[in-house]
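This report goes through one protein chain, from single residues to the overall layout. Loop positions are taken up before the core and the helix packing.

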Amino acid sequence: SVVGDAIDALRPATIVIDTTSGEPAVSRAIAEQVQSTSSAYLDAGVSGGPPGALAGTLKIMVGGDAAAYARVTPLLDVLGAQVWHCGGPGTGHAMKTALNLSNQGKMLLEIEALLMCGRAGLDPRQVAEVLELRTWGMFLLGDEGRRQFGFAVDLAVKDWGVATGVATEHKVPMPIA
């Protein structure tokens with residue numbers, strides 16, 4: 001069993017909301033097991049980190065039963081500024097995976113562009129302005145100097161692994177990722 005003994009603790013009509021950055025295939029398997037108890041499972045990947053959670057400005061991407069989603073929408077609207085129902089089980093985590101892949105891919109290209117331009121003698125602040133690299137301007141080139149980025153490399157590696165796993169499952173070539 002994917003969820004082990006926890007499944008026995010569910011009361012009928014419970015809605016389990018999984019806010020991890022989980023693997024869509026695992027989310028589908030858990031949803032199937034939870035549904036067998038007359039409960040519902042929603043995979044609800046969140047983006048925005050601790051600051052977004054504290055401010056109620058998270059992006060929340062939800063997969064699972066539409067009726068269960070409708071029941072918890074008021075709660076999700078308190079937690080997030082943007083909430084989407086993406087489809088059936090696993091689709092919330094698939095969307096979160098796509099968001100992570102896209103954001104991290106952009107980030108890597110931006111770092112390479114800054115490095116290339118810096119080595120070519122260009123002013124990094126001007127490069128950030130021209131390329132509209134607001135994030136890097138804020139974190140790397142801020143008036144106070146460098147600031148902590150706040151995202152562990154280990155998490156990025158895990159996210160890329162999940163994304164390439166989804167791509168492999170669905171036979172999607174991803175030569176850049």
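The model is predicted. S38 is found in the loop that joins α1 (24-35) to β2. Its phi is positive, about 65°, although S38 is not a glycine. S38 is exposed, with a relative accessible area of 54%. K171, in the segment after α7, also has a positive phi, about 55°, and is not a glycine. K171 is exposed as well, its relative accessible area being 71%.

Two further positions outside the helices and strands were examined. T19 is found in the loop between β1 and α1, whereas A6 is in the segment before β1 (15-18). T19 has a relative accessible area of 45% and is partly exposed; A6 counts as partly exposed too, at 49% relative accessibility. The four positions are listed below.

| Residue | Location | Relative accessible area |
|---|---|---|
| A6 | segment before β1 | 49%, partly exposed |
| T19 | loop between β1 and α1 | 45%, partly exposed |
| S38 | loop between α1 and β2 | 54%, exposed |
| K171 | segment after α7 | 71%, exposed |

Both A6 and T19 can be paired with a residue that is distant in sequence. A6 and V34 are 28 residues apart along the chain, and their C-alpha atoms are separated by 9.7 Å. T19 and A44 are 25 residues apart in sequence, with a C-alpha to C-alpha distance of 4.8 Å. Leaving aside neighbours within four places in sequence, T19 is in contact with A44 and V46.

**Nonpolar core**

A44 is also one of the residues of the largest nonpolar core. Which residues make up the largest nonpolar core? There are twelve in all: I15, A40, L42, A44, L58, I60, V62, A68, Y69, V72, L76 and V83. The elements that give two or more residues to this core are β2 (40-47), β3 (58-64) and α3 (66-79). The largest share, four residues, comes from α3. Within this core, A68 is in contact with I15, A40 and L42, leaving aside its neighbours within four places in sequence.

**Packing of α4 and α7**

Helix α4 (residues 91-119) and helix α7 (residues 153-169) have axes that come within 9 Å and cross at roughly 120°. That angle makes α4 oblique to α7. The crossing in which α4 passes α7 is left-handed. On the α4 side, T97, N100, L101, Q104, G105 and L108 take part; they meet A156, D159, W160, V162 and A163 in α7. By type, the residues of this contact divide into six nonpolar, four polar and one charged.

**Chain as a whole**

How many helices and strands are there in the chain? The chain has seven helices and four strands. From the N terminus on, the elements run β-α-β-α-β-α-β-α-α-α-α. The chain has 177 residues, and buried residues make up 33% of them. Among contacts between residues at least 6 apart in sequence, 57% join residues at least 24 apart. The T19 and A44 pair, 25 residues apart in sequence, is in contact.

Terms used. Residues numbered from 1 in each chain as written. Predicted model: local features only at pLDDT ≥ 70, side-chain atom pairs only at ≥ 80, totals over all residues. Heavy atoms only, no water. Axes fitted to C-alpha atoms, helices over the stretch in contact; angles between N-to-C directions. Parallel < 35°, antiparallel > 145°, perpendicular 65-115°, else oblique. Left-handed = near helix turned anticlockwise from the far one by under 90°. Contact = heavy atoms within 4.5 Å. Nonpolar A, V, L, I, M, F, W, Y, C, P; charged D, E, K, R; others polar. Core = buried A, V, L, I, M, F, W, Y, C linked by side-chain atoms within 4.5 Å. Buried < 20%, exposed > 50% of the residue type's maximum accessible area, 1.4 Å probe, protein only.
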